[in-house]
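Reader: Can you walk me through this model and tell me what the labels rest on? I'd like the cut-offs along with the claims.

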Amino acid sequence: MKLTLKIWRQKDAASKGKMVDYPISGVEGDMSFLEMLDVLNEQLINKGEEPVEFDHDCREGICGTCSLQINGEPHGPDRLVTTCQLHMRKFNDGDTIVIEPFRATAFPVLKDLIVDRSALDRIQQSGGYISVNTSGNTVDANAIPINKHDADEAMDAATCIGCGACVAACKNASAMLFTSAKVSQFALLPQGQIEATERVQNMVRQMDLEGFGNCTNTGACEVECPKGISLENIARMNREYYSASLKG
Amino acid sequence: MIKSSLARKVVMALSGLFLVFFLGQHFVINITSVIAPDTFNSWSHFMGYNPLVQYLLQPILIAGVVVHFVMGFILELQNSKARGVRYVKYKGDANASWVSRNMLISGGVVLAFIALHFYDFWLPEIAYKYIESNPEDATRYHAETVHKFEPIWRMVLYIIAFVLLALHLLHGFASSFQTMGVNNKYTPTIKLVTKIYAIAIPLGFVFIAIYHHLNPITH
Ligand code: HEM
Ligand code: SF4
Ligand code: FES
């Protein structure tokens, strides 16, 4: 199929960017979106032009590195997939596809479609861990009984790959779905209780410091999340936060 | 605590729920203006002269409204800053409802309405009681209210405002429960109650406005 790509080009973090049109042909329905961009870049390199920079790593939907706002939605029009798992058969011959970087003040553009998402790492570092004695007499994790329901919910929350699509989709650029998934995966388990109070307070504080917006419960994040992280996690984070605040 | 995003959200949700409660109470009083004018007169007189209502509940209500819309503007301002550079193409309707994305528009119209409503009813009351120092008259409220709805433009403005209020509540009522951390097996019920309340109450106010417009008091 033949497509017209409208792509955000930006030389570096300090430069002003702009949209540039690229006609492309020879795109197969079985190609992933990133493979389609590989084809474009090959053409650009052959013409002696600068290739379009974009983030990617595993290309199998598990690392969260690929991004892209495609036709106004993070990871494009398909549901529960990352951009590397989005197939070109979701588009039609002759389509115009608008490709932009994820937009958030906390996600500055580094070059073209690549944004710096280390703000999410810093939220994780501020509390998304448990302290375990690993000096030799470590207790086996399975020695602590956990009911199936809690274990499942914790596992669901832990499937968040930190891609930032929730932030990109949200009209407020809020990172509450990400943060709540990271809070929940510990809050649901006995191992997470010791640091529970400081964890939620520190992670919310870091989230605010990074300049993410305030959630208004539109639910856009949940729809666009490639891992189907639920809004229930945000409600849980809110409960954790309020009870932590009451404890002082 | 007010410094954090979650604290600001709680303020928004609690003030919103408080206004939802107030709106229900206001409706119960107003509907008597249609079905029982004498009751409307006596209830209005009670609300207007009871010191507890006048000096405690009324200031709390005004504070509730002010806190709600000021916090709403602050949140929206921060949220707009958090996006920074706008998308060239943003498909908001692909993943979220119009009402949830436009709380500032629906809220803004309601704010403009509240200003009109103050001018219509609150300022004349204050003038009547505290500036002109008129004597108490427990029978005047019904006729005054009906007169207000004689001009068609006022009826139309009230209808527009209540349609926008309905849109505001369609998202806001259920949303405040999510904000408070309630998302469980009761959530479908909360969403149903939200739909019923958000449509029925504003519709009731619209009915009252139309009724009084169509049934003027002729002397
Ligand atoms: C005075 C004009 C008003 C303005 C400018 C305004 C503005 C806003 C804004 C911007 C929000 C979005 C914040 C969010 O979703 O978290 C909101 C939420 C809300 N508003 Fe209003 N509003 C107004 C009046 C009202 C009234 C009269 C009611 C009820 C009768 C109300 C009930 C709510 C509720 C329940 C929420 C949801 C809070 C939450 O999501 O936690 N608002 N308002
Ligand atoms: S919550 Fe979903 S959209 Fe947000 S970072 Fe995690 S996986 Fe990505
Ligand atoms: S490249 Fe790893 S999830 Fe897409």
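Author: Let's start with what a name like α1 stands for: helices are DSSP runs of H or I with at least four residues, strands are runs of E with at least two, and both are numbered from the N terminus. This is a predicted model, in which local features need pLDDT of at least 70 and side-chain atom pairs count only at pLDDT 80 or more, while totals for chains, interfaces and linings use all residues. Residues are numbered from 1 along each chain as its sequence is written, with chains lettered from A and ligands numbered from 1 in the order in which they are written.

Reader: Which element gives the most to the shell around ligand 1?

Author: That's α1(B), with eight residues. A residue gets into a shell if its C-beta atom, placed from the backbone, lies within 6 Å of the molecule. By that rule 29 residues surround ligand 1, and the closest are B:Ala13, B:Gly16, B:Gly72, B:Gly107 and B:Gly172. Two or more residues come from each of α1, α3 (51-83), α5 (103-131) and α7 (152-179) of chain B. Ligand 1 itself lies between chains A and B.

Reader: What is the makeup of that shell by class?

Author: It has 15 nonpolar, twelve polar and two charged residues. The classes work like this: Ala, Val, Leu, Ile, Met, Phe, Trp, Tyr, Cys and Pro are nonpolar, Asp, Glu, Lys and Arg are charged, and the others, Gly among them, are polar.

Reader: How do you know that the span of α1 of chain B is close to the expected one?

Author: The expected span is 1.5 Å times one less than the number of residues. Helix α1(B) covers residues 5-35, 31 in total, and reaches 45 Å from its first C-alpha to its last, against an expected 45 Å.

Reader: Which residues of α1(B) are buried?

Author: Buried means that 20 or more other C-beta atoms lie within 10 Å of the residue's own; with 12 or fewer it is exposed, and in between it is partly exposed, with C-beta atoms placed from the backbone. In α1(B) the buried ones include B:Met12, B:Ala13, B:Gly16, B:Leu19 and B:Ser33. For chain A, 46% of the 248 residues count as buried.

Reader: What makes A:Ala158 partly exposed?

Author: A:Ala158, found in helix α3 (148-158) of chain A, has 17 C-beta neighbours inside 10 Å, so it falls between the two cut-offs.

Reader: And how do you know that β2 of chain A lies largely in the open?

Author: Strand β2(A), residues 18-24, has seven residues and the number buried is zero, so the description follows.

Reader: Why are β2 and β4 of chain A called edge strands?

Author: Two strands pair if DSSP finds at least two bridges between them. The open five-stranded sheet runs β2-β1-β5-β3-β4 in chain A, with mixed pairing. Strands β2 and β4 (73-74) each pair on one side only. Between β1 (3-9) and β2 of chain A there are seven bridges, and the two run antiparallel. Among the partners in β2(A), A:Tyr22 faces A:Leu5 and A:Met19 faces A:Trp8.

Reader: How many residues of chain A are in contact with chain B?

Author: Contact means that the C-beta atoms of two residues, placed from the backbone, lie within 7 Å. On that basis 37 residues of chain A touch 32 of chain B. The largest share of chain A's side, seven residues, comes from α8(A). That side has 14 nonpolar, 14 polar and nine charged residues.

Reader: What are the domains of chain A?

Author: The bounds come from an automatic or database domain assignment, which gives domain 1 (3-111) and domain 2 (117-247). Their C-alpha centres lie 29 Å apart, and 18 residues of domain 1 are in contact with 17 of domain 2.

Reader: Which residues are closest to ligand 2?

Author: They are A:Cys160, A:Cys163, A:Ala165, A:Cys166 and A:Cys225, out of 14 surrounding residues. The largest share of that shell, three residues, comes from α5(A). By class, the shell splits into eleven nonpolar, two polar and one charged.
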